[in-house]
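Q: I'm new to this one and would like to walk through it slowly. Can you show it to me before we begin?
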Amino acid sequence: MLVKKISDIFDTKPRTLSFEFFPPKTDKGRDNLFAAAEKLMELQPDFFSVTYGAGGSTSKSTLDIVQELQRRHDIPVMHHFTCTKHSRVEIREQLNEMMASDIHNIMALRGDPPADEPHYEPGPDEPRYAFELIKIIRERAGWFTVGVAAFPEGHLDTPTKELDSLYTRVKQDVGADFAITQVFFETELYRQFADRMAAAGITMRLIPGILPITNYQRLCQFCETCGATVSPGIHDTFSPLADDLDATGRKGIEVVTEQCRTLLALGAPGLHFYCLNKPEPVTTIHNALGDWRA
Ligand SMILES: Cc1cc2nc3c(=O)[nH]c(=O)nc-3n(C[C@H](O)[C@H](O)[C@H](O)COP(=O)(O)OP(=O)(O)OC[C@H]3O[C@@H](n4cnc5c(N)ncnc54)[C@H](O)[C@@H]3O)c2cc1C
């Protein structure tokens, strides 16, 4: 692999294109993921990322998929890693394993409690927040590029947007290199968020996370799980099409392409697509945008 670290890409490219995968539960799902990655390589993405199940439930498969994507393609792959339910000892062991596997990019997250333990309280040797995980990662100096999560609407549990900016600033101060945002739909939200972060002294890249719209019910479920608001405009546009997946897909491409175009015009430093392990519709959206990384 020529470039191993995402931060090295930032040195030469003002905008990046990236795709996020999740570890599938079946062999067929795994084959589909690799087929999707192969198709998406035609778009010359800058990096891929692979999510990590709450409480470490996918730790083996995340590592395995990151390794396999790196083996098959000449591209950095970011390993998502959540600290919930991991002791500092376990975290250091997993970091050693990643280093032994030539993994140089981590998305450092707190994670959410597992569904069957919604009120989980971390033990004395478990980090409570993502910034504590970043500190452990930085014991390895510059081996890893570190991405973090950021929230255009503010994190669900943070009392104010100002505090949310401060907590994001702490993540930058202890070593985060860039952030990817939670899903959002109104581009105005991103503009306000970028201003708020700049006012808090945040200079790292804030790459918008983009969710393609293909199914209204699933979109609502997805947003409910991650605490993102489905805006009135999205409800008004997509609820009448709820029973017509073809019409939803066509409209989704139109709406999301426009969202991306506006974000790039606002100065967004790239697009990170939650591709849900599928090459479409993100390929169509990307191609409709033209040569936006020139
Ligand atoms: C792009 C992206 C990718 C994601 N990938 C995954 C994934 O792969 N697996 C997964 O399980 N989840 C994933 N998530 C979800 C994420 O784990 C949850 O949103 C989680 O609730 C917050 O994680 P965080 O890293 O932002 O936590 P933190 O930054 O630790 O914030 C969590 C809470 O703690 C509070 N807080 C933060 N710092 C401080 C501080 N210094 N002092 C006091 N309070 C503080 C915040 O207000 C917030 O309410 C992802 C989210 C995003 C946006």
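Q: Let's start small: which residue is the bridge partner of Ile 180 in β7?
A: In this predicted model, Ile 180 has Ile 207 of β7 as its bridge partner.

Q: And how many bridges join β6 to β7?
A: Strand β6, which covers residues 178-181, is joined to β7 by three bridges, and the two strands run parallel.

Q: What order do the strands of the sheet come in?
A: The sheet is open and consists of nine strands, in the order β7-β6-β5-β4-β3-β2-β1-β9-β8, with parallel pairing. β7 (205-207) and β8 (209-210) stand at its edges with a single partner strand each, so one side of each has no neighbour in the sheet.

Q: Which strands does helix α2 touch?
A: Helix α2, residues 27-41, packs on the sheet and touches β1 (16-21) and β2 (47-50), and its direction makes about 170° with that of β1. Helix α7, residues 187-199, also packs on the sheet, where α7 touches β5 (145-150), β6 and β7 and makes an angle of about 160° with the direction of β7.

Q: Back to β5, then: how many of its residues are buried?
A: Six of the six residues of β5 are buried, so this strand is largely enclosed by the rest of the structure. Thr 145, Gly 147 and Ala 149 point one way from β5, whereas Val 146, Val 148 and Ala 150 point the other way, and all of them are buried.

Q: What stands opposite Gly 147?
A: In β4 (residues 105-109), which is joined to β5 by three bridges and runs parallel to it, Met 107 stands opposite Gly 147. Phe 178 of β6 also stands opposite Gly 147, and there β5 and β6 pair in the parallel sense over four bridges.

Q: Which helices make β-α-β units with β5?
A: Helix α5 (residues 130-137) makes a right-handed β-α-β unit together with β4 and β5, and helix α6 (residues 161-173) makes a right-handed unit of this kind with β5 and β6.

Q: Changing topic, where is Gln 182, and is it buried or exposed?
A: Gln 182 sits in the loop between β6 and α7, and Gln 182 is buried, with a relative accessible area of 17%, because the cut-off for buried is under 20%.

Q: What does Gln 182 touch?
A: Leaving aside residues up to four places away in sequence, Gln 182 touches Ala 150, Phe 151, Pro 152, Gly 209, Cys 226, Ala 228 and Tyr 274. A polar atom of the Gln 182 side chain lies 3.3 Å from the backbone oxygen of Cys 226.

Definitions and conventions
Residues numbered from 1 in each chain as written. Predicted model: local features only at pLDDT ≥ 70, side-chain atom pairs only at ≥ 80, totals over all residues. Heavy atoms only, no water. Pairing = 2+ DSSP bridges. Contact = heavy atoms within 4.5 Å. Axes fitted to C-alpha atoms, helices over the stretch in contact; angles between N-to-C directions. Buried < 20%, exposed > 50% of the residue type's maximum accessible area, 1.4 Å probe, protein only. Right-handed = clockwise from strand over helix to strand, strands pointing away. Polar contact = N/O pair within 3.5 Å; in protein donor to acceptor, adjacent residues only side chain to side chain.
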